[in-house]
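User: I would like to go through this model and ask what stands behind each label that is put on it.

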Amino acid sequence: MKVKFFFIVTILMVIFCFFSFSETNNPNKSNLLGNTIQQRFQLPQGFVREEESKTSFDFFLRNLPLKPLGSNVLYFDGTIKPNRNVYEAVVDLPIGKQDLHQCADAVMRLRADYFYSQKQYDKIHFNFTNGFRVDFSKWAAGYRISVKGNKTSWVKTAKPSDSYETYWKYLETVFMYAGTASLEKELKPINVLDIKIGDVFIKGGFPGHAVIVVDMAVNPKNNQKIMLLAQSYMPAQEIQILKNPNNSSLSPWYAVDFGTTLKTPEWTFSSSQLKRFK
C-alpha cells in the first residue's frame, strides 16, 4: 500500500515539474488558467508592469475577466467566430443579443463600464454621429432619445433608475447612433511615445475600426514598452485579446516601437491614429 502511495506521489511530482518547466520556458503564456488579463498574460523576460491605482481605468482594463482558456469568440446571435489566428483570449462580458456591440461600441462600453463601476455616472457620455451628446445621468433621470429625421432631442418618458438594465439600454442606444466616426472626434491625438493603457487606435469612417490598449509593460533597462490590444468587430461580437501577427514569439504582446504602421489581425493602423479619452 505504501509503495503504491509513493508511486502516485512520484507521478504527481513529475507532472508538476513538467508543467513548471513548460511555463518557465514559455514566459508569454505561463499562467494560461488565469481568469483576468493580468493573471493570464505573463511578461517576457526583463519586462515589468508599472503599478496602477486600483481605482484607475488602467487597473480596470488590466483586470478584465477572461473566459476559460480555449473559449471561442461568440457573435451576438450565439454563433462562433472562427479564430483564424485572430485572438488569444475572450473577455467575459455580455454583449447583448442585437448586432450593435461592434468595434467602437466595445471601446465605449469599456470606458462606460469603468465609470459605472465607480458610480461616476456624470462622466458617462458619448456623442451620436450627428453630434448630439447623450449623458447617462440624464438617461438615468428618466429621459429618453427621440429621433425624428435629422432632429434628435430628449423626452421624459421613464422613471428615474440607474440599474444595470437601464444602463445597458442606454449603451445599446449609443451603439445604435454612434461609431468610429463620432468616437474619433471625441478623442484627442496622442504621440505613440506617450502611449498608456486605455488609449485607442482608431480610424473613423464607414467602415472604420478601433482597438484599445488593455495592458502595458516596460523594460526598465532600455525603456522598451509592450502592449496588449483588444477589439470587437463586425458583426457584433465578444471582446477579444488580439494575437500579434508580426511577431509570434512576442504574441500576444506588441512592441510599442512598431514604426509608422501597426498591423493587427483584422486591421492596419498608422501611428498617427492613436487617440485618448479627454
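The turns below take up some labels one by one and set them against their cut-offs.

User: Before the details, what kind of model is this, and how many helices and strands does the protein chain have?

Analyst: The model is a predicted one, and the secondary structure of its protein chain comes to 7 helices and 14 strands. Of the 278 residues in the chain, 48% are buried.

User: Why is N244 called buried?

Analyst: The cut-off for buried is under 20% relative accessible area, and N244 has a relative accessibility of 7%, so N244 counts as buried. N244 lies in the loop between β10 (240-242) and β11 (254-255), and, leaving aside residues up to four places away in sequence, N244 touches L250, S251, P252, W253 and Y254.

User: What makes the approach of the N244 side chain to the backbone nitrogen of N247 a polar contact?

Analyst: A polar contact needs a pair of N or O atoms within 3.5 Å, one able to donate a hydrogen and the other to accept it, and the side chain of N244 reaches the backbone nitrogen of N247 at 3.3 Å.

User: How do you know that β7 pairs with β8 and with β14?

Analyst: Two strands pair if there are at least two bridges between them. Strand β7 (residues 200-203) and strand β8 (residues 209-219) have 4 bridges in the antiparallel sense, with A210 of β8 as the bridge partner of I202, while β7 and strand β14 (residues 274-277) have 2 bridges, also antiparallel, with L274 of β14 as the bridge partner of F201. β7 and β8 form a hairpin with 5 residues between them, and in its turn G205 has a positive phi of about 155 degrees.

User: Which residues of the largest nonpolar core touch the most other members?

Analyst: They are I124, F201 and M227, in a core of 75 residues. The largest share of this core, 9 residues, is supplied by helix α4 (residues 103-117).

User: How do you know that the length of α6 agrees with what is expected of a helix?

Analyst: The expected span is 1.5 Å times one less than the number of residues; for the 14 residues of helix α6 (residues 164-177) this should give 20 Å, and because the end C-alpha atoms are 20 Å apart, the two agree. Buried residues of α6 include W168, L171 and F175, and among the elements that cover the buried residues of this helix are α4, α5 (136-140) and β4 (143-148).

Definitions and conventions: Residues numbered from 1 in each chain as written. Predicted model: local features only at pLDDT ≥ 70, side-chain atom pairs only at ≥ 80, totals over all residues. Heavy atoms only, no water. Buried < 20%, exposed > 50% of the residue type's maximum accessible area, 1.4 Å probe, protein only. Contact = heavy atoms within 4.5 Å. Core = buried A, V, L, I, M, F, W, Y, C linked by side-chain atoms within 4.5 Å.
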